[in-house]
Structures are given as structure tokens and as C-alpha cells.
Amino acid sequence: MENYLSLFETYDVPAAFWVNIQLSFWAALWALVLGTVLALFRISPIRSLQWFGAAYVNIFRNTPLTIILAFGFLGLFSVMQVSLAGDLNVSLFRIAILGLSLYHAAFVCEAIRSGVNTVPLGQAEAARAIGLGFLPAARLIILPQAFRGAIAPLGNVLIALIKNSTVAAAGSVATESSSLMKTMIEFRSDLVIPIFLTFALGFVILIIPIGLLTTWASRKLAVAR
Amino acid sequence: MRKTRYTAAAIAAVTALTLSACGGGDDDAAGSSGASGEAGGESVRIGIKFDQPGLGFDEGGSYSGFDVDVARYVANELGYTDEQIDFVESPSANRENMLANDQVDMIFATYSITDTRKETVDFAGPYFIAGQDLLVPTDSDITGPEDLEGRNLCSVTGSTSAEQIKEQYPGVQLVEQPGYAECVTAMGGGQIDAVTTDDIILAGLAAQDANAGQYRVVGNTFSEERYGVGLPPGSDRCEDINAAITQMIESGAWEEALAANTEGADYSYNEDLNPPEPEPCA
Amino acid sequence: MSAQQVLFDAPGPRTRRTILIFNILGVLIALALLAWIVSALADRGQLAASMWTPFLQARTWEFFILPGLLNTLKAAGIAIVTSVAFGLLFGVGRLSHLAPIRWVAGTVVEFLRAVPVLLMMIFFWLALGRSGAVEPQNAPLIAVILALTLYNGSVIAELVRSGVHGLPKGQREAGMAIGLTRNQSLRNIEVPQALIAMLPALISQFVVILKDSALGYIITYPELLQYTRRLGVGEGNVIPSLLVAAAIFILINFALSTLATRMSSLLSFRTRTRKRAAEDVVVMDAAST
């Protein structure tokens, strides 16, 4: 037990989790914005935008996140010389956020689209009947209801995103929790199982409340029909 | 009628998928020379780098480099034929874990002997002494580690080079990558000002066809890296390996291998320190 | 079905013009984006012929891409089979009428779904290797398969459960009426029907398994990404190699995804009432890595 507690003096476990939380927070925000725009593209009357949305979703949904994040460093940062901050490591941290956002935006888009599917036809017809065009109808009538219908799948994307933030290790963010766990096991292999359970529990504690919250919210906010 | 047909098709599809998956699982031997060699006492599994030209390099089915040649020589001395050697890739960050895991029997992968590493693994050797240096674009004004303040530097996760820079030059912006090739790619784009690791590795990188003429090694070494043979903790092979290394040096094969593998690279080893005397085993 | 077609009227002349303008604008923006990527790559010589000719050589495919792909398919293929087995076992466990079994299966599934696959992979790799329970050189492969199985198996267990819950109650009642026990009815009547309903979601999960197998890269399993990295290092074409690896993954996964969509529309008449439940699950877990 003392042995186990001494781990926390040598290694800063909360700091590693904090990195994952920061990655997840910013990536969730950007993925939500981008995913909503893509969903709008896909339900818009404009063929080229529909096509763009579909192509985006199909490409990013089917590529391993590991490759996207590796490309973030090698392609975007190294070759295309995209720098998102003066400080090297801040820049790489932001590129990892960008990679996570681009990947999860595809799933946000599909979640919102599934939310749009829960909106009855009559709503759109009524919106048209009172003379609303595509954008006003989407903004005032369809999307508010779609978001409420999409809370459960969106919550699931968020959960996946938090877990996937560990893959940022492949995108040069070496301070996050899976990297720390690897180092800890390397030096303290006598405590393999306690170390793993500590990290696993950390994620369970982060994720279970989100699951419960989104389930509760999706019931509470479901549009009564 | 239609219903059953679709269902049947669906089930057939899944079955086919499952079957092909099983098929994939069965033919074990094909193609996986990387991680899964032959089990059992006959062969020896040696961890090398696959991505360091001149030291340990995957040529597509065969391997070349100084580490590889030393590994072959030592394995032959230990009684293994060339056919009995399985080369396994051992990236810097995973070397200790691979030894502790018993995934490899020994590691010849530009593996510096350090006190920290000795806590988790055993070493034989050293069989070569290199020094940490910098690789910079040909037109760079960097002449040594003092010039790095505030610049962007790249090295490899789990290497002594990265540790050294973090301790001695805290003002340097360091990014750690899985391999030096990633570092060189980043430097090619101008986002990184210098790559640091041992001079012999850098010389091999600079001499690679794809990089020819673009980079130069600064030539101002600031450390002594003693390349050892990594062994699982408690291994009983250390003495024999040391004897093999001594034999290789005395017979002239060491010199020959080094010359052959640095040919074409702008590199000459430190003659005061090389060839080294293997340390007594722990 | 969806608001898609009714969100907008059949366009009149003015709207048609607006749509045309936006269409052109959309195409231009997409082209500009593409042009930026291409020119940025070309500026750094990434589109030079010498970067891409290695992919025309048999050697590249023989020693790098095919062995890597084979290892990826091997890990993913085995993991698919074991995940389905795990999912059936725990899915049925969660439906058991014995409370303790239900409780244990539920806890295991919920726990495993909350733990990142990468953490499990690293753990099994290091723990198995050190314990000596498996041939050490197989530790990476087994770690990849175990981690993929535990996570995806749990998701499939949830699919089984929601699939059975989506069945009309009459199915079980009919089973009981002809004298089957609850377990027999579950095994012989409900689960087989649920399996058919969940087939599209199941295939989407296979895509997840295939994608996640690329995490094996981090724990020294020589899968496609690992091999293409070696290739890129050797030929000095890291970026083109990465793009080729991505293209291979996209191609395989796109084929699987298309199969899933096809199947879900083919099966929709059978599963009309239960489709929604299954659909939520698809969206949710496909996001994993």
C-alpha cells in the first residue's frame, strides 16, 4: 500500500489526466461547431455542399485516428508548415486538438443528422408554410429540435472523444495519461495491475457521469410528441 | 420469399467475413517477420533499429548496418547461424519494455549504457562509443548546443539525447518523436532547427539518398554514449558476449564493419575512445 | 423519413439562381481547400515522382505493405470473432433472469466501455509480457486482440441487449407457450432474431475494430501503419506512405460501411419497429478511435 502511494509522489497522475481533459474540452467544442456546419451542409439544398459533407464524413470516419494524429505532426506541422502557436509544444498540443476535432466532427455530423431524423415531417412543412427559407427553418425550427433529439448520440461521441484523447500520444502530446501509464509500468512493473486500475478508474469516473447526465438530459429534453 | 433471400445473403456475408478472418489468423508464419519469430530454443531474437541507416536498417526483407553486423558476429560466436537470427524492431521508447517482456533475447540498437537503464535491464559491451551531436540544415548557423536557446529541437522518445537536453539546456524547445525520420521530416519543413542524437546516427541520416546534401552534422560532440548490448535482467550471456566483442575487435572484423557501414557518410569515429574495452559484467 | 427533402420547396427561378451561385461557391471553396493542400505538399516536394514511384515496385508491396496489411487483418479478424463471442455471452448474461448474473455482466460491460482501448492495450502488452503467461513475442498481438475484444465485445453485448429488447413481447410469450424455458427461448428465438436486426450495427463495429487495430503501432505490433512507417523512412517518403496507409484503411472501411448501410435498408422492412434503438448504438460507438 505504501508502495502504491509512493507512486503518486514520483508521478503526477492528476496532471496527466488534466492534459486529457483539456484536449477533450477544446476538441469537443471545435468538433461540435464543425460537425454542425457539416450536418447543415448535408441537409442543405445545395448539391456541392451535400457532396462535400458526405465526402468529409466518409473519409474521416473510416481513417484510424492514429493516422490522423500522426499526419497532424508529419503532414500539417512538418511539411505544410502550419504552426498554431509560437511555442513548439503549445503548437503541437493545438494540432492534436485539431486532429481530434476533425475526426470527431464526422461523428457529430452523423449524430446531428440522426437527430434531424427524429424531427417529424410536419415541422418542416409548417416552417415552409409560414414562409421560412432553408436557413431560418433550420435555425429556428429543425436544429433546436434535432439537437434535443441528438443529445444521447452526441453524449456518446463526447465519451468516445474523452477516451480517444489518449491516442494524442501518437500526435506528440507525450504528457497525457496513456504515456504516463506506460512510463510508470516500465519503472514499477511490480505494480502493473494497481497502476492500470488507477488509470482505468480515472476514466470510469470521468465517463460514467457523462453517460448518466446525457441519458437523463435526453429524456428530460426529449420533445414530447 | 424475398425476406429469406436477403437474410440468407446477410448471414452468408457475415459467415464469409468470419471465415476469412479465421483464415487470416491461421497462416501465422507469413510476413510477420517483424514481431513473431520462431519460438523455442533454436533461434535467437535480436532487437535492432529498422530506421537508422548505417546502424540498423530494414532494406525490405534484409537488414543492414553496423549494429546488425555486430549482432550477427556476436550471435555467430554464441553458436547461432545467420538463419537462426530473428531481427525484431525495437524502437527507443520500447527497448526496456521489450527486454523486461522477454520479447527479445538481446538488443543492439544504439543503446547507450546508463545507470537509470541499468536499474531495469542488464548490459554487455560497450562495443562502440559515440557522442551526442546535432544535425542541422546545411545553411544553418548553429555550431553547438549553446546556440539552441529558444530554438526548436527534435529528438526521440526514450533516448538519452532527449534526457540530456532536458536536463542541461532547459531553454530549448524540445519535441520528442518515435523515430529520427520523423524529426528529419519536420526539419525538412523548417519547423525544427536541429535534430539531436549520437553523431554516428546523424551521419547515417545525412548520407541517406533522400536527404543528400540537405543537412550536415555539426561535429561538436557534447557527450559520451557507450553503446551496449541490452539484455533481460539477470541474463547469463554477458560474459560470452563481451568475449565475442573482444574477438571481433581483435580480428579486425569490427574495424571492417564500421568502415563498410559508414562508407559514403561524412563520418570518422573518435579514435581516442574506440575501439572500446568491454566493461566487466555485473 | 427525414426532413431532408421537405426542408426546402421545389425551387423557383430565383431560388434556383441562388442555389446555382452557392453551388459554384461551394465547389470553389472545396477546390481552394484542395489546391491549398496540394500546393503545400508540392512546395515541399511531396508530390515529386520519386516520392511515389516506390509504390510501383513489387518490393514495396511484398516486403512492406502486404505483410503489414496481413498483420492488420489478422489482428482485426481474430478480434472480430472473439468480440462477437464475448458480446453474445455478456449480452445474454445481461438479459439473464438471475439477478447476480445480470449484475455481474452489467458491471463488466459498463466498466470495459469506459476504459480507453489504448490503456487496455498497453496494460495487457506489459502485464502479459512480464507474467510469462504467453509466448513473449506474441504479447503485442495478444494484447491488441484482448483489448479490442473486451471493448468491442462489450459494445456488441449492448447491441444484443437492445436488439432483444426491441423484439415484440409476443416472441418470448410464444416461446414460453410451446414449453421452452426462458433461457431456451432467449437462445433459440430471441437472440437469433436480434442478431439479424443488429447486423448493420455489428458491421459498423467491425469497422471500429479494424481502425482500432492501428493502435497496435504504439505497442510494437507490426501492423500496416508500422510497416508503412518503415517504408517511408527507407524511401524518404514518410508522407506519401502515410497517405497510402490511410487510403487502404479508408477503402476497406468504406466497403464495410457501405455494406452496413445497404444491409440496414435491406433489413429495414423486417426491423422497422426496432431500427431506432439499434441506430443510436451505431452512431455512438463508431466514434471510438
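Trainee: What secondary structure is found over residues 65-86 of chain A, and how far apart are the end C-alpha atoms?

Mentor: In this predicted model, residues 65-86 of chain A are 68% helix and 0% strand, and the C-alpha atoms at the two ends are 26 Å apart. The span is one of those listed by UniProt, in an unreviewed entry, as "transmembrane region". The other spans of chain A in that annotation are 23-44, 92-112 and 191-217.

Trainee: What do the values for residues 191-217 of chain A look like?

Mentor: Residues 191-217 of chain A are 96% helix and 0% strand, with end C-alpha atoms 39 Å apart.

Trainee: Where does Gln81(A) lie, and what makes its backbone notable?

Mentor: Gln81(A) lies in the loop between helix H4 (65-79) and helix H5 (88-116) of chain A. The phi angle of Gln81(A) is positive, about 55°, although the residue is not a glycine.

Trainee: Why is Gln81(A) called partly exposed?

Mentor: There are 14 C-beta neighbours inside 10 Å of Gln81(A). A residue is exposed at 12 or fewer and buried at 20 or more. The value of 14 falls in between, and therefore Gln81(A) counts as partly exposed.

Trainee: How is Asp102(B) classed in terms of exposure, and what is its phi?

Mentor: Asp102(B) has 16 other C-beta atoms within 10 Å. This count also lies between the limits of 12 and 20, so Asp102(B) is partly exposed. Its phi is near 65°, a positive value in a residue other than glycine. Asp102(B) is placed in the loop between helix H3 (95-100) and strand S6 (106-112) of chain B.

Trainee: Which peptide bond leading to Pro126(B) is cis, and which leads to Pro275(B)?

Mentor: The bond from Gly125(B) to Pro126(B) is cis, with omega near 10°, and Pro126(B) is found in strand S7 (residues 122-130) of chain B. The bond from Asn274(B) to Pro275(B) is cis, with omega near -10°, and Pro275(B) is found in the segment after helix H9 (253-262) of chain B.

Trainee: Where in chain B is confidence lowest, and where is it highest?

Mentor: Chain B averages a pLDDT of 83, and 85% of its residues score at least 70. Confidence is lowest in helix H1 (residues 2-26) of chain B, with a mean of 43, and highest in helix H2 (residues 66-77) of chain B, at 95. The pLDDT is below 50 over residues 1-40 of chain B; this stretch has 53 contacts in the model beyond near neighbours in sequence.

Trainee: Why are H8(A) and H10(A) called roughly antiparallel?

Mentor: Helix H8 (residues 151-164) of chain A and helix H10 (residues 192-220) of chain A pack at an angle of about 170°, with axes 8 Å apart. An angle over 145 degrees counts as roughly antiparallel, and H8(A) and H10(A) therefore meet that description. Residues in the contact include Gly155(A) and Leu158(A) of H8(A) and Phe203(A) and Gly211(A) of H10(A). The contact of H8(A) with H10(A) divides into ten nonpolar, five polar and one charged residues.

Trainee: How many helices and strands does chain A have, and what fraction of it counts as buried?

Mentor: Chain A has ten helices and zero strands. Of its 225 residues, 53% count as buried, a class that requires 20 or more other C-beta atoms within 10 Å. Among contacts in chain A between residues at least 6 apart in sequence, 76% join residues at least 24 apart.

Trainee: How many residues of chain C are in contact with chain A, and what is the character of that side of chain C?

Mentor: In chain C, 55 residues are in contact with 62 residues of chain A. H11(C) contributes the largest share of the side of chain C that touches chain A, ten residues. The residues of that side divide into 39 nonpolar, nine polar and seven charged.

Trainee: What does the chain show over residues 73-92 and residues 139-160 of chain C?

Mentor: Both spans belong to the "transmembrane region" annotation in the unreviewed UniProt entry. Residues 73-92 of chain C are 100% helix, with end C-alpha atoms 28 Å apart. Residues 139-160 of chain C are 100% helix, with end C-alpha atoms 30 Å apart.

How values were computed: Residues numbered from 1 in each chain as written. Chains lettered and ligands numbered in written order. Predicted model: local features only at pLDDT ≥ 70, side-chain atom pairs only at ≥ 80, totals over all residues. UniProt positions renumbered as here; feature names shortened; annotations may be inferred. Helix = DSSP H or I, 4+ residues; strand = E, 2+ residues; numbered from the N terminus. Contact = placed C-beta atoms within 7 Å. Nonpolar A, V, L, I, M, F, W, Y, C, P; charged D, E, K, R; others polar. pLDDT = per-residue confidence, 0-100. Axes fitted to C-alpha atoms, helices over the stretch in contact; angles between N-to-C directions. Parallel < 35°, antiparallel > 145°, perpendicular 65-115°, else oblique.
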